[in-house]
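Trainee: I am new to this structure. Please pick one part and go through it closely, then place it in the rest of the chain.

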Amino acid sequence: MIITIASGKGGTGKTTVASNLFATISDRSMLLDCDVEEPNSKLFLDIPLLNKTVVSTEIPKVDQTKCTLCRKCSDFCRYNAIITLADSVKVYSELCHSCGGWIVCPENAISTTEKKIGEISFFGDEKKRLIQGKIEIGVVLTPALISKVKDYIDDEIINIIDAPPGTSCPVVETVTGSDFVVLVTEPTPFGLHDLKLSIDLLREMEISFAVVINRAGIGNDDVKNHCVGENIPVLAEIPNDLRIAKVYSSGKLILNELPEYKDLFSNLFERIVGLV
């Protein structure tokens, strides 16, 4: 089973829900942190680092002695990663999306070289596993690294995915293939606005989803009313409890520090399984 925790905006408590839901599951499970621009699930989990692996991709390398400046490569590249100048061809590797378009070169003047785009770290013990991706600074191939992280999904266990915030390409890559998505939001106008964007995305992708309201008690009831009107299940409401903020800010799990919330997360998991 693949359960993805997502949000239309940052700061709603997505990682809080993902890490505590992961800790709730007693069976063999795995957490995949696909928020590769700023992964932080590990901050809340006391499990050892096992190893790391480098993720690289191919980028073009031009042999200027063979190049005839025909412009076919630069005309093909929609990201302007290859530019034909008056006397040479310039490659901007930071813009390259590794699409393989260099094969259009009629002179075979373009070969490839490897470029590091990020790392994948593996944490774990006999029951729990965390796989975390981290993109290199300045690299734009976020979906490519997320895809590599998702290659480690284990169909025999429960996989919890911590998605990037928003509704852009990295989120689309992350939620693709999910059995269920939990949208974490907050009861504010900003929360509702970005929740609607996420709802539209998941409906377009035909992925089942429901909502968790974090910091319940602030703002207003517009988020809850919208979910009722759209027939969207609200699986849980996490109250605006100052103790939760203190636990989170110290890098600890709500389950361990505030046992009264154990039932909230166990019931959340049971409701997700029931909907799947």
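Mentor: I will start with one helix, move on to the core, and end with single residues and charged pairs.

This is a predicted model, in which local features need pLDDT of at least 70 and side-chain atom pairs count only at pLDDT 80 or more, while totals for chains, interfaces and linings use all residues. Residues are numbered from 1 along each chain as its sequence is written, and side-chain values use heavy atoms, with hydrogens and water left out.

The part is helix α9, residues 262-275. Helices (H or I, at least four residues) and strands (E, at least two) are DSSP runs, numbered from the N terminus. From its first C-alpha to its last, the 14 residues of α9 reach 20 Å, close to the 20 Å expected at 1.5 Å a residue; the expected span is 1.5 Å times one less than the number of residues. Leu264, Phe265, Leu268, Phe269 and Ile272 of α9 are buried. These buried residues cover an arc of only 130 degrees around the axis, which puts them on the same side of α9. The arc is that of the directions from the helix axis to the C-beta atoms. Here buried means under 20% relative accessible area, exposed over 50%, and partly exposed in between (1.4 Å probe, protein chains only). Asp263, Glu270 and Gly274 are exposed, and they sit on the face of α9 turned away from its buried side. An α-helix has 3.6 residues a turn, so residues three or four places apart point the same way.

The buried side leads to the core. A nonpolar core is a set of buried Ala, Val, Leu, Ile, Met, Phe, Trp, Tyr and Cys residues joined through side-chain atoms within 4.5 Å. The largest one has 35 residues, and Ile5, Ile160 and Leu268 have the most contacts inside it. With five residues, α9 gives the most to this core. Contact, in general, means heavy atoms within 4.5 Å. Setting aside residues up to four places away in sequence, Ile5 touches ten residues' worth of neighbours, among them Val17, Leu21, Ile160 and Val184.A second helix, α3 (residues 142-150), can be read in the same manner: Thr142, Leu145, Ile146, Val149 and Lys150 are buried. Seen down the axis, the buried residues of α3 fall within an arc of 145 degrees, so they line one face of the helix. That face packs against β2 (29-33), β3 (49-62), β6, β7 (128-135), β8 (158-165) and α4 (169-175).

Now the chain as a whole. The protein chain has nine helices and eleven strands, and its C-alpha trace spans about 70 × 45 × 35 Å along the principal axes. Of its 276 residues, 48% are buried. Among contacts between residues at least 6 apart in sequence, 73% join residues at least 24 apart.

Two strand residues come next. Val211 lies in strand β10 (residues 209-216) and counts as buried because its relative accessibility is 0%. Beyond its neighbours within four places in sequence, Val211 is in contact with residues including Leu183, Leu195, Cys227 and Val234. Lys115 is in strand β6 (residues 110-124). Lys115 is buried yet has no salt bridge, and Glu94, the nearest side chain of opposite charge, is 5.3 Å away. For charge, Lys and Arg count as positive and Asp and Glu as negative, while His and the chain ends are not counted. A salt bridge is a side-chain nitrogen of Lys or Arg within 4 Å of a carboxyl oxygen of Asp or Glu.

The whole structure holds twelve salt bridges. One of them joins the side chains of Lys116 and Glu136 (3.6 Å, N to O). This pair links distant parts of the chain, with Lys116 in strand β6 and Glu136 in the loop between β7 and α3, 20 residues apart. Lys116, with a relative accessible area of 32%, is partly exposed, and so is Glu136 at 30%. Another salt bridge is that of Glu237 with Lys224, whose closest N and O atoms are 3.2 Å apart. Glu237 lies in strand β11 (residues 234-239) and Lys224 in helix α6 (residues 222-229), so the pair ties together parts that are 13 residues apart in sequence. Further, Lys9, Glu186 and Arg215 are joined into one network by salt bridges that share partners.

Two loop residues remain. Asn108, in the loop between β5 (89-91) and β6, has a positive phi near 50 degrees although it is not glycine. Asn108 is exposed, with a relative accessible area of 63%. Glu206, in the loop between α5 (189-205) and β10, also has a positive phi, near 60 degrees, in a residue other than glycine. Glu206 is exposed at 73% relative accessible area.
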